[in-house]
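User: Please take a close look at one strand pairing in this model. Then place it in its sheet and go on to how the chains meet each other and the DNA.

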There are 2 protein chains.
Amino acid sequence: MDIYRALDHARFFEGITRASKEALAKFCMPSQRPKNTLLFREGEPGEAMHLLVGGRISLYKLSPDGREIVIKVIKPGEVFAEVILFERKFYPVTAVALTDIFVLKLLRRDLLDLLRQEDFRNDFIAMLLRKQRYLTERIQQLVSQDVEQRLRAFLLEQYGEKKEINIEINKKQLAAAIGATPETLSRLLQDLKRRRLLTWKQKVISAEPGFWRAV
Amino acid sequence: MDIYRALDHARFFEGITRASKEALAKFCMPSQRPKNTLLFREGEPGEAMHLLVGGRISLYKLSPDGREIVIKVIKPGEVFAEVILFERKFYPVTAVALTDIFVLKLLRRDLLDLLRQEDFRNDFIAMLLRKQRYLTERIQQLVSQDVEQRLRAFLLEQYGEKKEINIEINKKQLAAAIGATPETLSRLLQDLKRRRLLTWKQKVISAEPGFWRAV
DNA sequence: CGAAAAAATTGACGCGGATCAAGAAAATGG
DNA sequence: CCATTTTCTTGATCCGCGTCAATTTTTTCG
């Protein structure tokens with residue numbers, strides 16, 4: 001469990017100099033947590049930015065009536081909870097580990113130091129803008145696309161256009177991630193199977209080429 | 001049409017020193033445009049950040065089937081299209097003037113200069129984080145709230161909890177802004193009128209106190 | 001291994017809001 | 001000011017997906 005190596009693989013820190021990555025490694029607080037761990041809750045005060053090294057984490061908000069609205073599923077190499085560093089001091093979302101995870105935490109004051117370096121700062125701003133773009137696209141998707149298209153977009157974003165996907169999350173979690181109920185996902189999967197486009201057995205999804213360019 | 005004064009009123013530039021605001025005023029390119037002007041289109045290359053001084057602008061994305069999905073309605077004092085400054089060089093959304101507008105443009109290179117100043121940079125990052133929070137909340141709203149709640153949220157955000165709202169956009173535009181069709185909005189307004197919560201006559205919306213705390 | 005819990009499936013049904021079409025009202029522009 | 005276009009309204013109909021309930025299947029763990 002080498003922090004430096006983890007940082008080295010995180011795409012967010014790609015453009016950064018070796019020296020500052022080593023400095024960063026000193027600041028980071030590593031932690032491993034089992035599946036279903038609640039990392040933080042919406043509205044709670046916080047003072048760290050997180051970098052996910054391994055596993056998946058779901059960020060969601062609660063609707064007034066208690067439903068979980070998934071904002072984003074975080075995959076390895078991505079940073080989250082950066083929002084609390086500058087603006088308010090409260091997390092705007094809840095974070096739950098969908099699988100066993102390995103995360104690095106970076107305290108506010110350490111990050112503020114790092115931001116003094118121009119290249120780090122530029123990467124940081126670029127990351128924020130990328131995220132803004134992502135959220136913009138997610139809005140468009142959730143509002144205008146049906147469940148099948150959202151499933152396709154999700155798999156594409158998280159795993160790429162592959163024939164075999166080794167999926168670590170369960171169907172309930174996936175349903176939530178694409179803004180649907182488990183029942184609806186179940187029926188969709190049945191239909192995709194009938195159309196010979198996609199099958200889900202155990203932890204493996206097999207997608208036909210046709211799936212990726214379906215109507 | 002004093003640029004400095006405009007900047008002085010823009011909340012984005014609130015925390016900034018007088019000196020750098022004056023410098024900024026020199027860089028800004030002011031422009032006034034009539035209603036319905038297309039400022040830029042999704043996918044077009046761009047090289048300026050915009051600050052809206054007066055009027056309203058709709059930022060939207062097109063769905064695959066050509067519907068307009070409104071991401072955000074910009075109000076005076078807000079900045080937009082900052083995304084092209086760092087990340088890619090293409091606008092991620094289309095921008096259309098909902099009313100006659102007055103905007104200031106800030107070219108990429110000028111902004112990059114400004115970002116060298118620590119206080120400006122901090123404000124800039126804070127603005128990005130605020131926007132991220134906004135988009136996060138918009139997702140939650142669009143996914144989990146019905147049209148009536150979305151109407152309430154929109155009016156609240158854009159005009160505040162007022163008894164009388166002078167509305168400059170038309171019903172079609174408002175319907176799009178809350179992710180509904182004009183037909184649905186029309187029926188909703190009829191219902192709100194019947195329930196004595198809200199009336200819309202000409203360019204004026206009158207909302208009863210009860211409207212703001214409706215179920 | 002076997003019992004209990006959790007996840008997934010299946011069917012019946014209902015609802016919010018989209019769509020389509022037609023007509024009324026309002027805005028626009030010569 | 002009138003003619004044309006655009007916006008708004010109203011009714012009828014439809015559909016995707018959620019909800020609820022009942023099983024079935026899978027996972028968990030003593």
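Analyst: In this predicted model, β1(B) pairs with strand β8 of chain B, residues 101-107, in the antiparallel sense, and five bridges join the two. One residue position can be followed across this pairing: S31(B) has V103(B), in β8(B), as its bridge partner.

The pair belongs to an open sheet of four strands in chain B, where the order is β1-β8-β3-β6 and the pairing is antiparallel. The edges of this sheet are β1 (29-33) and β6 (79-80) of chain B; each has a single partner strand, so one side of each is left without a neighbour in the sheet.

Next, the contact between the protein chains. On the side of chain B, 28 residues are in contact with 27 residues of chain A. Two elements of chain B, β5 (68-74) and α4 (118-144), each give two or more residues to the side that touches chain A. Of these, α4(B) supplies the largest share, 17 residues. By class, the side of chain B that touches chain A holds 14 nonpolar, seven polar and seven charged residues.

The arrangement of the two copies can be stated as a superposition. A turn of 180 degrees with a shift of 0.0 Å along the axis lays chain B on chain A, with an RMSD of 0.0 Å. The two copies are thus related as by a two-fold rotation axis. Of the interface residues of chain B, 96% are also interface residues in chain A, so the copies meet through the same surface.

The DNA remains. DNA strand C is surrounded by 15 residues, and the closest come from both chains: N170(A), K172(A) and S186(A), together with D146(B) and T184(B). Elements that give two or more residues to the surface near this strand are α6 (171-177) and α7 (182-194) of chain A, and α7 (182-194) of chain B. The most comes from α7(A), which gives six residues. The surface near DNA strand C has six charged, five polar and four nonpolar residues.

As for the helix itself, α7(A) has 13 residues, and its span from first C-alpha to last is 18 Å, close to the 18 Å expected at 1.5 Å a residue. After α7(A) comes R196(A), which has a positive phi, near 55 degrees.

Note on methods
Residues are numbered from 1 along each chain as its sequence is written. Chains are lettered from A and ligands numbered from 1 in the order in which they are written. This is a predicted model: local features need pLDDT of at least 70, side-chain atom pairs count only at pLDDT 80 or more; totals for chains, interfaces and linings use all residues. A residue is near a molecule or strand if its C-beta atom, placed from the backbone, lies within 6 Å of it. Ala, Val, Leu, Ile, Met, Phe, Trp, Tyr, Cys and Pro count as nonpolar, Asp, Glu, Lys and Arg as charged, and the others, Gly among them, as polar. The expected span of a helix is 1.5 Å times one less than its number of residues. Copies are superposed by least squares on the C-alpha atoms of residues with pLDDT of at least 70 in both. Two residues are in contact if their C-beta atoms, placed from the backbone, lie within 7 Å. Two strands pair if DSSP finds at least two bridges between them.
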